[in-house]
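Reader: I am new to this structure. Please take me through its cysteines, one by one, and show me how they sit in their chains.

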Amino acid sequence: VLLVRWSRYNPYYLEPEVRKEAYSRPESELSPEEKEERELKTLRPIKAAPNALTSSAFDDPVLSKFINMMMKDGNKVLAREIMMQTLENIKKKQVEKYHKAADGTKEEIECNPYAIFHQALENCKPVVGLASIQKGGKYYQVPIPLTDNRRRFFAMKWMITECRENKHRRTHMYEKLSQELLAAFEKEGNVIKKKHELHKMAEANRAYAHYRWW
Amino acid sequence: MAAQGGVLFQEKVSRLVSKQNGKPVLKPNRPLVLKDSVANRKPKKGEASCITEMSLLMACWKQNNFVDGLCSNEIHSFYTCVQKTQATKKNMSEQGDITGGRLSPKQATTLLRRFPNLQSEI
């Protein structure tokens with residue numbers, strides 16, 4: 001029997017705090033608001049932590065979000081398996097490159113797959129997005145600033161859709177994903193191209209920027 | 001009950017509706033009953049924020065053929081501008097609800113829903 005947290009809670013319930021650092025801070029370091037929050041946590045009930053949330057050092061919220069986005073029909077086991085194989089594949093390729101490289105260039109090769117994943121996602125995030133705004137009966141594509149969450153979502157979505165659609169039917173998902181992530185790390189590849197196309201559209205429509213009202 | 005305090009009001013309404021003093025002033029097709037909600041105020045249309053930063057960024061992109069590494073300064077200034085505007089908007093919306101002495105439409109509606117207008121005897 002798997003223990004799963006419910007999805008609907010009374011709004012009275014508070015979110016669980018999983019990080020160890022939040023509890024090891026002494027009383028003196030806290031500001032008055034944080035002291036109030038701590039008191040509230042002793043009185044109010046707390047939601048059960050989701051299965052994927054851990055207090056271990058390897059818990060990565062960005063990675064968890066990416067795995068959730070890759071998941072289909074609730075098959076978290078498969079999505080996580082694909083992600084782990086991807087990271088392993090990246091590590092293998094980078095270590096191979098490291099051993100083949102000349103002595104001078106050895107330190108520049110990044111072998112940590114998590115660092116590669118984060119940097120690749122950062123390189124894929126668009127800076128401005130387009131919004132469809134109606135003015136005078138017509139709809140215009142207006143360049144708007146995006147929030148951090150939205151940008152992260154776009155980067156992940158483009159990566160996943162690109163890996164699902166533009167691959168040979170015999171290549172595995174992890175293989176294609178590792179290729180795309182390494183390409184994004186080097187700022188090449190289809191996802192980076194997509195980001196540049198969005199930027200070009202925004203630049204072309206910069207005249208409509210005043211149609212925004214926020 | 002409020003109806004007893006408004007007896008004069010009821011008489012005035014019946015005078016306005018009756019045909020005795022010439023044409024009736026009011027011809028209500030619905031019962032004259034107050035709703036339990038207040039109409040929403042149209043939010044003021046502001047201006048687009050951070051346009052100068054965005055135009056600088058676009059110019060930089062045009063010059064450098066959309067390579068992001070060369071435009072990092074402009075990107076950074078754009079992000080700081082966006083964060084500033086978001087912070088100011090948050091502050092404005094928080095303060096704007098309390099000051100003014102009047103309730104916002106949302107607050108008025110919640111209050112009226114807690115004490116609704118009774119239309120029939122329960």
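Author: What follows is a close look at the cysteines, with a short sketch of chain A at the end. Keep in mind that this is a predicted model.

Start with the bonds. A disulfide is a covalent bond between the sulfur atoms of two cysteines. Over all chains, the structure holds two of them.

Take Cys50(B) and Cys81(B). Their sulfur atoms lie 2.2 Å apart, and the two form a disulfide. This pair links distant parts of the chain. Cys50(B) sits in the loop between helix H2 (7-17) and helix H3 (51-64) of chain B. Cys81(B) belongs to helix H4, residues 72-98 of chain B. In sequence, the partners are 31 residues apart. Now the twist. The torsion about the S-S bond of Cys50(B) and Cys81(B) is about -105°, so this disulfide is left-handed. Cys50(B) is buried, and Cys81(B) is buried too.

Next come Cys60(B) and Cys71(B). A disulfide joins them, with 2.3 Å from S to S. This pair also links distant parts of the chain, its partners eleven residues apart. Cys60(B) is in helix H3 of chain B. Cys71(B) is in the loop between H3 and H4. About the S-S bond of Cys60(B) and Cys71(B), the torsion is about -100°, so the disulfide is left-handed. Both Cys60(B) and Cys71(B) are buried.

Put the two bonds together. Number the bonded cysteines of chain B in sequence order, and the pairing reads 1-4, 2-3.

Turn to chain A. Cys124(A) has its closest cysteine sulfur in Cys163(A). That sulfur is 9.7 Å away, while a disulfide needs sulfur atoms within 2.5 Å. The gap is therefore too far for a bond. Cys124(A) has a relative accessible area of 0%, so this residue is buried. Cys111(A) counts as buried because its relative accessibility is 19%, and the cut-off for buried is under 20%.

Now the setting of these chain A cysteines. Chain A has eight helices and two strands. From the N terminus on, the order is α-α-α-α-α-β-β-α-α-α. Of its 214 residues, 33% count as buried. The radius of gyration of chain A is 22 Å, whereas a compact globule of 214 residues would have one near 17 Å. Its C-alpha atoms fill a box of roughly 60 × 55 × 40 Å along the principal axes. Chain A exposes about 14300 Å², and carbon and sulfur atoms supply 51% of that area.

Definitions and conventions. Residues numbered from 1 in each chain as written. Chains lettered and ligands numbered in written order. Predicted model: local features only at pLDDT ≥ 70, side-chain atom pairs only at ≥ 80, totals over all residues. Heavy atoms only, no water. Helix = DSSP H or I, 4+ residues; strand = E, 2+ residues; numbered from the N terminus. Rg over C-alpha atoms; globule rule 2.2 N^0.38 Å. Buried < 20%, exposed > 50% of the residue type's maximum accessible area, 1.4 Å probe, protein only. Areas by Shrake-Rupley, 256 points an atom, 1.4 Å probe, with all protein chains shown as cover.
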